[in-house]
Amino acid sequence: QAQQEMKQQVKEHMQQQAEQEMKQQAQQQMKQQAQQEKKQQAQELMQQQAQQEMKQQVKEHMQQQAEQEMKQQAQQQMKQQAQQEKKQQAQELMQQQAQQEMK
């Protein structure tokens, strides 16, 4: 009987150990999964930030281009006006000369 009990105890002990190990493995797996998910979230966040920054840069670049174009247009307009005025002055001068000669 004593042997029988010992066998039973050994059996139970082994079962407990096996259960313990399974629990531990399950816990580790859950920990690893949690870490994996954290890593993934961190990566996604970084990707989103990177995309956000790219969008911002593109936006700024486009704004700068638009400003550049507006400046250029304004400059051209001013040049054209100046030329227009020069032409007018030249015409007036010619008219005055012509009148002078007629007199």
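**Figure 1. Charge distribution in the predicted model.** The protein chain carries 13 positive and 13 negative charges, and the mean positions of these two sets are 2 Å apart. The coordinates shown are those of a predicted model. About 11,600 Å² of accessible surface is computed for the protein chain, and carbon and sulfur atoms account for 47% of that area.

**Figure 2. Helix H1 and its span.** The secondary structure of the protein chain consists of 1 helix and 0 strands. Helix H1 covers residues 2-102, a run of 101 residues. From the first C-alpha of H1 to its last the distance is 149 Å, close to the 150 Å expected at 1.5 Å a residue.

**Figure 3. Overall dimensions of the protein chain.** Along the principal axes, the C-alpha atoms of the protein chain fill a box of roughly 150 × 5 × 5 Å. The radius of gyration of the protein chain is 44 Å, whereas a compact globule of 103 residues would have a value near 13 Å.

**Figure 4. Burial along the chain.** Of the 103 residues in the protein chain, 0% are buried. Helix H1 is hardly covered, with a count of 0 buried residues among its 101 residues.

**Figure 5. Close-up of Gln77.** Gln77 is located in helix H1. Its relative accessibility is 54%, and Gln77 therefore counts as exposed, since the exposed class begins over 50%. In sequence, Gln77 and Gln56 are 21 residues apart. In space, the C-alpha atoms of Gln77 and Gln56 are 31 Å apart.

**Figure 6. Close-up of Gln49.** Helix H1 also contains Gln49. With 49% relative accessibility, Gln49 counts as partly exposed, because this class lies between the buried limit, under 20%, and the exposed limit, over 50%. Gln49 and Gln73 are 24 residues apart along the chain, and a distance of 36 Å separates the C-alpha atoms of Gln49 and Gln73.

Conventions: Residues are numbered from 1 along each chain as its sequence is written. This is a predicted model: local features need pLDDT of at least 70, side-chain atom pairs count only at pLDDT 80 or more; totals for chains, interfaces and linings use all residues. Side-chain values use heavy atoms; hydrogens and water are left out. Helices (H or I, at least four residues) and strands (E, at least two) are DSSP runs, numbered from the N terminus. The expected span of a helix is 1.5 Å times one less than its number of residues. Buried means under 20% relative accessible area, exposed over 50%, partly exposed in between (1.4 Å probe, protein chains only). The radius of gyration is taken over C-alpha atoms; the globule rule is 2.2 Å times the number of residues to the power 0.38. Accessible areas come from the Shrake-Rupley method with a 1.4 Å probe; for residues, only the protein chains shown count as cover. Lys and Arg count as positive and Asp and Glu as negative; His and the chain ends are not counted. The place of a charge is taken as NZ of Lys, CZ of Arg, CG of Asp or CD of Glu.
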